[in-house]
Amino acid sequence: MKFQPLSSSSHGNAYIVSDSETHILLECGLSHKKLQQLCGFRLSALDGCLVSHEHKDHSRCVDKLLASGVPVYLSQGTAAALELPEKLLELAREMEAGRQFTIQSMDILPFPTFHDAQEPLGFVMQSRVDGDICVFATDTVSLPYRFPGVNILAVEANFQQDILDRCQRMPEKTQHRVACSHMDIDTLCKCLVRMDLSRCREIVLLHLSDATSHEGQFINKVKRVVPPSVRVWAAAR
């Protein structure tokens with residue numbers, strides 16, 4: 001299984017997870033034109049799109065994907081918050097935490113995340129081709145799960161508290177929202193210590209803030225708390 005970031009920031013998020021048979025888009029928080037460009041104008045080759053929640057940097061072109069025939073999976077809360085036209089809502093496919101479903105060769109188990117959205121979800125995806133397990137979790141203040149057997153962990157590391165505290169150009173209200181709805185690097189490290197990473201080969205840090213993160217420091221912090229065999233890297237903004 002392979003995890004490929006296309007874009008990862010508050011300006012727009014999109015990722016592809018694939019095995020030799022199935023290609024799934026995670027998030028569609030870019031313009032349809034930009035997403036087409038990044039996918040090599042082959043959106044029709046996607047087997048589905050999973051949207052974690054309704055915020056525009058994760059769902060911007062849901063309507064165009066649905067209209068073009070790409071199967072888009074949404075929680076009931078996310079679908080309601082997006083206020084899609086009835087004709088598009090009928091095309092969307094519902095998913096819910098704890099209910100496993102399958103897209104081609106991948107089994108997908110959504111799980112609850114913790115964000116200021118209606119019904120946000122993360123995803124455990126297992127390939128029936130190679131047996132690999134990929135976990136995806138973004139825009140969540142914590143991650144209290146162990147994920148036994150995970151091979152690829154793609155997870156939010158949005159900010160560092162002391163950098164956020166010093167960020168004078170950011171309004172206080174915005175600082176409060178960031179702290180209460182996103183995961184900081186130290187919280188992530190505490191979560192990682194509790195996880196079963198015995199089979200993990202890579203950890204991808206997602207959604208780093210332009211103003212309140214430091215990529216090199218974040219990677220080094222994570223490396224110190226995970227097995228030395230794990231590759232740690234950050235998705236490009």
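Select Ser-18 first: this residue is buried, with a relative accessible area of 14% (buried means under 20% relative accessible area, exposed over 50%, partly exposed in between, with a 1.4 Å probe and protein chains only). The model is predicted, so local features need pLDDT of at least 70 and side-chain atom pairs count only at pLDDT 80 or more, while totals for chains, interfaces and linings use all residues. Residues are numbered from 1 along each chain as its sequence is written, and side-chain values use heavy atoms, with hydrogens and water left out.

Ser-18 belongs to strand 2, residues 12-18 (strands are DSSP runs of E, at least two residues, and helices runs of H or I, at least four, numbered from the N terminus). Now show its contacts (heavy atoms within 4.5 Å): beyond neighbours within four places in sequence, Ser-18 touches Met-1, Lys-2, His-23 and Met-106.

Next, colour strands 7 to 13. These 7 strands form an open sheet of mixed pairing, in the order 7-8-9-10-11-12-13 (two strands pair if DSSP finds at least two bridges between them). Strand 7 (101-103) and strand 13 (231-234) are at the edges; each has a single partner strand, so one side of each has no neighbour in the sheet. From one strand to the next, the twist averages 20° (axes are lines fitted to C-alpha atoms, for helices over the stretch in contact, and angles run from 0 to 180 degrees between N-to-C directions).

Zoom in on strand 12 (residues 202-206), which pairs with strand 13 in the parallel sense over 4 bridges. Here Ile-203 is opposite Val-232 of strand 13. Helix 9 (residues 215-223) packs on the sheet and touches strand 12 and strand 13; its direction makes about 155° with that of strand 13.

Finish at Val-193 in helix 8, residues 185-194. Val-193 is exposed, with a relative accessible area of 55%.
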